[in-house]
Amino acid sequence: MSATKNLLIILACLLFHGASSWAVAEGLGEFGDALSAAEHLSESGLYRSAEERLTPWVNEPLSAFQRAELNKSLALLAFRQGKLDEAKLLTDTGLEYARQANRVGLEAALLNDSGNIDAARGQLDMAAQKFGSAQMIANDIGQSELAFTAAINRARVGLQLRDIEMFESSLEYALADAWTPSAEQWIAVGSLQHAAVRELRLPADWRLKANKSYTRALQGLSPNDEPRLASFALGLQASLYEEEQRYPEALKLTRQAELLAISADADESLYRWQWQSA
């Protein structure tokens, strides 16, 4: 697996779910709790358990808003299992429900998710349009985090298309003062900056930018509490050092990333660090 493809897979995992569940935020009781539990189970790779939390609600008399949220969660679960056609159908239907409910923020989040599905299906131009729409809507309603996420995703597509203008303008927007990135989001930024050196032939100082982004991510993390994210940051930072032929540092960080991935039961990243170490 190429290093750039590795980074893009990580980015897709980090940036699919563009915003916290409105159902949980609005205190929709048992339904919101089910969505939250399913998301945590899905993140851990416990897909069947996540599905068991969600499927009982499929035949319940839900509002359009709740239907949109349920479809959003089911689509994420399908996406993580590689069921892209199912994820697309669920997301498209969720968009219809969100518009019926006049939930503009949820519509923007679903557009972001739909863009990720299109990107995974190789429909990059369509994905870029959806990320752009999600970014614009989120910006208009003051959803700064979602606007950041959509902009980062659009930069990712710009990288894949080798469109330097799309890449740089989207990344510049994401790093404006409207939103302070979380540790997870700094990892995403660093991944893009890192990949751009190879894919877009940007100057080598972009590696320095990537290193700073990974460092900011680690500064905002407690490895004991968030080993999966710390594993990502350390492993990616190690790959930077490897490219700079700083092999002892690269190996040390990669082994730390492996241990954290083991402690987090994060098989999806563990095999990448084992490959990198070898």
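Which helices each supply at least two residues of the lining of the largest cavity? They are α3 (29-43), α4 (47-54) and α5, with helices taken as DSSP runs of H or I with at least four residues, strands as runs of E with at least two, and both numbered from the N terminus.

## Ground rules

This is a predicted model, so local features need pLDDT of at least 70 and side-chain atom pairs count only at pLDDT 80 or more, while totals for chains, interfaces and linings use all residues. Residues are numbered from 1 along each chain as its sequence is written, and side-chain values use heavy atoms, with hydrogens and water left out.

## The cavity

Rolling a probe the size of a water molecule over the atoms shows where empty space is left. Here, one cavity of 30 Å³ or more turns up. On a 1 Å grid over the protein atoms alone, a cavity is a set of points where a 1.4 Å probe fits but cannot get out, and lining residues have an atom within 4 Å of a point. Grid points are joined across faces, edges and corners, and the volume is the space filled by probe spheres set on the points.

The largest cavity holds about 50 Å³ of space. It is lined by 10 residues, and Ala 38, Glu 39, Ser 42, Ser 73 and Leu 76 are the closest to its centre. Helix α3 gives the largest share of the lining, with four residues.

## Nonpolar cores

A nonpolar core is a set of buried Ala, Val, Leu, Ile, Met, Phe, Trp, Tyr and Cys residues joined through side-chain atoms within 4.5 Å. Buried means under 20% relative accessible area, exposed over 50%, and partly exposed in between (1.4 Å probe, protein chains only). The largest core has 41 residues, and those with the most contacts inside it are Ile 152, Leu 159, Phe 167, Leu 171, Ile 187 and Leu 192. Two or more residues of this core come from each of α9 (144-161), α10 (164-174), α11 (183-199), α12 (205-219), α13 (227-243), α14 (247-263) and α15 (267-277). Apart from it lies another core of 15 residues, including Leu 110, Ala 134, Leu 146 and Ala 150.

## Some buried residues

Gly 105 belongs to helix α7 (residues 104-120) and counts as buried at 10% relative accessibility. Its C-alpha sits 8.6 Å from that of Leu 146, with the two positions 41 residues apart along the chain counted as their separation. Over in helix α9, Ala 147 is buried too, at 3% relative accessibility. Beyond residues up to four places away in sequence, Ala 147 touches Gln 135, Ala 138, Asn 139 and Tyr 173, where contact means heavy atoms within 4.5 Å.

Arg 67, in helix α5 (residues 64-80), is a charged one to look at. What is the nearest side chain of opposite charge to Arg 67? That would be Glu 60, 7.8 Å away, and Arg 67 is buried yet has no salt bridge. For this count Lys and Arg are positive, Asp and Glu are negative, and His and the chain ends are not counted. Leaving aside neighbours within four places in sequence, Arg 67 is in contact with Trp 57, Val 58, Asn 59, Glu 60, Leu 62 and Tyr 97.

## Salt bridges

Side chains of opposite charge can pair when their charged atoms come close. The structure holds 11 salt bridges, each a side-chain nitrogen of Lys or Arg within 4 Å of a carboxyl oxygen of Asp or Glu. Asp 85 pairs with Arg 121, the closest N and O atoms being 2.5 Å apart. Asp 85 lies in helix α6 (residues 84-100) and Arg 121 in the loop between α7 and α8 (124-140), so the pair ties together parts 36 residues apart in sequence. Asp 85 is exposed at 60%, whereas Arg 121 is partly exposed at 31%.

Glu 243 and Arg 198 also meet in a salt bridge (2.3 Å, N to O). This pair links distant parts of the chain, with Glu 243 in helix α13 and Arg 198 in helix α11, 45 residues apart. Lys 88, Asp 92, Asp 118 and Lys 130 are linked in a network of salt bridges.

## Positive phi

Arg 162 has a positive phi of about 55° although it is not a glycine. Arg 162 is in the loop between α9 and α10 and is exposed, at 53% relative accessible area. Arg 201, in the loop between α11 and α12, has a positive phi near 55° and counts as exposed at 72%.

Notes
On a 1 Å grid over the protein atoms alone, a cavity is a set of points where a 1.4 Å probe fits but cannot get out, and a pocket is an open set with protein on both sides within 12 Å along at least five of seven lines; lining residues have an atom within 4 Å of a point.
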